[in-house]
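Trainee: Could we go through this model together? I'd like to start with a charged pair and work outwards from there.

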Amino acid sequence: MNGKTTTTPDFDQHLAGILRPGQAPEDLRRSLIRAAQRHPSRSSWPALGIAAAITFLFGTGFLGWMAHRNSHEGERFARAALQEFMVAPRLDFTVDDSAGDSVEQCMERCRQWSIKAVGFSAPLPTRLADQPLKGGCACTVDSARAACYVLKDGRAVFVFDRPFKGLEADSKMRPVILASGHQASAWNENGRGYILAEPPIQPRF
């Protein structure tokens, strides 16, 4: 190509930041000094330099992988919750329709049950607090303990004791994960992470 190409300042700054050498961790620096003191020979320095470079690259690569994993935590938990939902978890308690409990009474029952079952208070999200409940169960989603409430309409709500990383403190429902017609969405609300899992939409004739 004969034409000149230009780059934007933002791109140049971003590229310079990536290429800028990082400072080696303090514990790695001390380990290399101790190794050098045990092996003062000049011939050992190339090996130590290679080891230091490999260690640093693996360390920065791991940190990058962790940052990417955390930034997609809502999506990751949504996929895991959807798998749990699709196997139809067994209910630890069911709601008696004849009891005629109010929304407040139902919420209090869920709070008391969740504290005993999963170790933290797991209320239903505000937008689903008035939905009729079928029951609930304790489950593990991606190695995290969660309370699962199954609604009368077939949907399920998973409640976690902390918000999802990578999502705003009080975020809207996202993202939607589709699997065999099922879908799930994750969001944060009042310091907790929530996932709504939904069965396939039945066609109307």
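**Charged pairs, cores and pockets**

Mentor: Asp153 is partly exposed, with a relative accessible area of 43%; that label sits between buried (under 20% relative accessible area) and exposed (over 50%), using a 1.4 Å probe and protein chains only. Before we go on: this is a predicted model, where local features need pLDDT of at least 70 and side-chain atom pairs count only at pLDDT 80 or more, while totals for chains, interfaces and linings use all residues. Residues are numbered from 1 along each chain as its sequence is written, and side-chain values use heavy atoms, with hydrogens and water left out.

Trainee: Which side chain does Asp153 meet in a salt bridge?

Mentor: A salt bridge here is a side-chain nitrogen of Lys or Arg within 4 Å of a carboxyl oxygen of Asp or Glu. For Asp153 the N to O distance is 2.9 Å. The partner counts as buried, at 17% relative accessibility. It's Arg155.

Trainee: How many salt bridges does the structure hold?

Mentor: Side chains of opposite charge can pair when their charged atoms come close. Some of the bridges share partners, joining Glu73, Arg76, Asp142 and Arg162 into one network. The count for the structure is 7.

Trainee: How many residues apart in sequence are the parts that Glu189 and Arg127 tie together?

Mentor: Their side chains meet at 3.7 Å, N to O. Glu189 is buried at 10% relative accessible area, whereas Arg127 is partly exposed at 38%. Glu189 lies in strand S6 and Arg127 in the loop between helix H5 (103-118) and S2, so the pair ties together parts whose separation is 62 residues. Helices (H or I, at least four residues) and strands (E, at least two) are DSSP runs, numbered from the N terminus.

Trainee: Which helix holds both Glu75 and Arg79?

Mentor: These two form a salt bridge at 3.1 Å, N to O. Glu75 is partly exposed at 27%, and so is Arg79 at 44%. They are 4 residues apart, about one turn of the helix, and that helix is H4.

Trainee: Which element gives the most to the largest nonpolar core?

Mentor: A nonpolar core is a set of buried Ala, Val, Leu, Ile, Met, Phe, Trp, Tyr and Cys residues joined through side-chain atoms within 4.5 Å. This one has 22 residues, and Phe158 is among those touching the most other members. Strands S2 (133-141), S3 (144-151), S4 (156-160), S6 (182-189) and S7 (192-198) each supply at least two residues. The top contributor, with 6 residues, is H4.

Trainee: What is the volume of the largest pocket?

Mentor: On a 1 Å grid over the protein atoms alone, a pocket is an open set of points where a 1.4 Å probe fits, with protein on both sides within 12 Å along at least five of seven lines; lining residues have an atom within 4 Å of a point. Here 15 residues line it, with Val95, Asp101, Cys106, Pro132 and Leu133 nearest its centre. H5 gives the most to that lining, with 3 residues. Counting the space filled by probe spheres set on the points, joined across faces, edges and corners, the volume is about 190 Å³.

Trainee: And how much space lies in the second largest pocket?

Mentor: Its lining includes Phe85, Lys134 and Gly154. The space in this second largest pocket is about 150 Å³.
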